[in-house]
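Biologist: I would like to learn how to read a structure one feature at a time. Please give the general idea before each case.

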Amino acid sequence: MSAPEKSHLFYQSRQRRPVLDQAKGVYMWDVDGKRYLDGSSGAMVCNIGHSNPRVLEAMRRQMEKSTFGYRLHFETEPAEKLAAKTAGLAPEGLDKVFFVSGGSEAVESAIKLARQNAVAIGEAQRTRIISREPSYHGCTLGALALTGYAPLTAPFEPMMRPMPKIPAPRAYLDGLDPDDEATGFHYADMLEEKILNEGPETILAFIVEPVGGASTGALVPPRGYMRRIREICTRYGVLLIHDEVMSGGGRTGKFFAADHWDAEPDILVISKGFAAGYVPLGAMVAHKDIVTNVLDAGGFLHGFTYAGNPLACAAGLAVLEEIEREGLCRNAENTGALLKSELEKLMARYPIIGDVRGKGLLLAFELVEDRTDMRPLPKELNAYNQLVDIAYDNGLIIYSRRTRGGYRGDHFLIAPPMTSTPDHVAEIIEGLDLSLRQFLDRMSQ
Ligand code: PLP
């Protein structure tokens, strides 16, 4: 099938793309036979690569048994097994799993569980959740209220309850050393200041992406940051929510990104890599005491029709087994280290690259006008779209955002599947090198 003259699909304003024919491993082909290396795993989703035969077989087996069983009518084996496996991967105490079908649903679930917990323990005045700027937590109105990115939230502000924000710890922009604990404390202490200014008794939770996603471009917290925010949350009875929708699932080199710092939240949310795009799936994993509080007070007033369906859970289970069997977290760590060092070599050759960051195979680079003061490229250049389109024409898919302080700053996520090899790394770097050259040529015309 070629692209129809008139499409009835309605997404965002993005230009139309070729029609996808098939995908296997790290590659995708359009209907004209052109091959693309999926350098961003879709939107950091297809962590185990496309069309994994063992996952497809597990899905086929489940489809032959049942594809849907409503969670209020039946328990299902895949849901039980996946919940047990997920709880086993989560920090101690977080052993209650609530399935959903995506990241925004998972964040909504965390918001509501936190709120019902506060009501259950007699702290009903806690109604606000602190988040970071920039950040992305989803597109539904609750999750959007936590999202720190004005271009996405502005039209909806009058419909949402304002939620307090603190700056994300972008040490590279502030000229601070991320390896110095003082830097981590500097940013973490902004949380304490915010809690005190807002009134600790009104704050329900703090939500944080342990390794940032599209909003910050794979921002890694400075040393000491994760420990300090945990201490601050505990001090004020504020629940700590880790949004691992993108960073969870192994691509940073650990199944949960927060495991790099042994950081323990009260609630965490995961999606994207959880079922790696084979089916829509996400989960909220909560501390058992919180769940007990809410259930004892009458029950959780929340749930989605498709949540925990046996097909989605069977796929999720097969994905987790694949990650374990193939040692994909380790591969993400090793291949990610190689890819990062190759990106740094590109940075040495292209002064337009101002920063390379990230962990494992959740990596990013940022384009700047001037590296000395990290001045962003002019907005009119539309670099974040231009470079993505050039790379796309060159058969390399990368993911971009322009989020620095609203419409300032262009960063590009490089996050191929966790099955990537050194050969794939070489191909990505070659594609980026060519695309950057063509981008600079265009700029100079
Ligand atoms: N939270 C984070 C950190 C994300 O990166 C995303 C999506 O990119 C979401 C939440 C929302 O997930 P979804 O698009 O599946 O609703």
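**Reading the features**

Modeller: Start with one helix: in helix 9 (residues 225-235), the buried residues are Tyr 225, Met 226, Arg 228, Ile 229, Arg 230, Ile 232 and Cys 233. This is a predicted model, where local features need pLDDT of at least 70, side-chain atom pairs count only at pLDDT 80 or more, and totals for chains, interfaces and linings use all residues. Residues are numbered from 1 along each chain as its sequence is written.

Biologist: How are "buried" and "helix" defined here?

Modeller: A residue is buried if 20 or more other C-beta atoms lie within 10 Å of its own, exposed if 12 or fewer, and partly exposed in between, with C-beta atoms placed from the backbone. Helices (H or I, at least four residues) and strands (E, at least two) are DSSP runs, numbered from the N terminus.

Biologist: What covers the buried residues of helix 9?

Modeller: An α-helix has 3.6 residues a turn, so residues three or four places apart point the same way. The cover over the buried residues of helix 9 includes helix 8 (181-198), strand 7 (203-208) and strand 8 (239-244); contact is counted when C-beta atoms, placed from the backbone, lie within 7 Å. Just after helix 9, Gly 237 has a positive phi of about 65°.

Biologist: Which residues touch the most other members of the largest nonpolar core?

Modeller: In soluble globular proteins, nonpolar side chains tend to be buried together. A nonpolar core is a set of buried Ala, Val, Leu, Ile, Met, Phe, Trp, Tyr and Cys residues joined through C-beta atoms within 7 Å. The largest one has 130 residues, and Met 284 and Ala 315 touch the most other members. Helix 11 (residues 310-325) gives the most to this core, with 10 residues. Leaving out residues up to four places away in sequence, the contacts of Ala 315 include Val 55, Tyr 278 and Leu 281.

Biologist: How is the protein divided into domains?

Modeller: Domain bounds come from an automatic or database domain assignment. Here they give domain 1 (20-51 + 327-444) and domain 2 (56-325). Their C-alpha centres lie 26 Å apart, and the contact takes 32 residues from domain 1 and 33 residues from domain 2.

Biologist: Which residues are closest to the ligand?

Modeller: A residue counts as near a molecule if its C-beta atom, placed from the backbone, lies within 6 Å of it. The ligand is surrounded by 15 residues, the closest being Gly 102, Gly 103, Ser 104, Gly 213 and Val 245. Helix 4 (residues 103-120) gives the most to this shell, with 3 residues.

Notes: Two residues are in contact if their C-beta atoms, placed from the backbone, lie within 7 Å.
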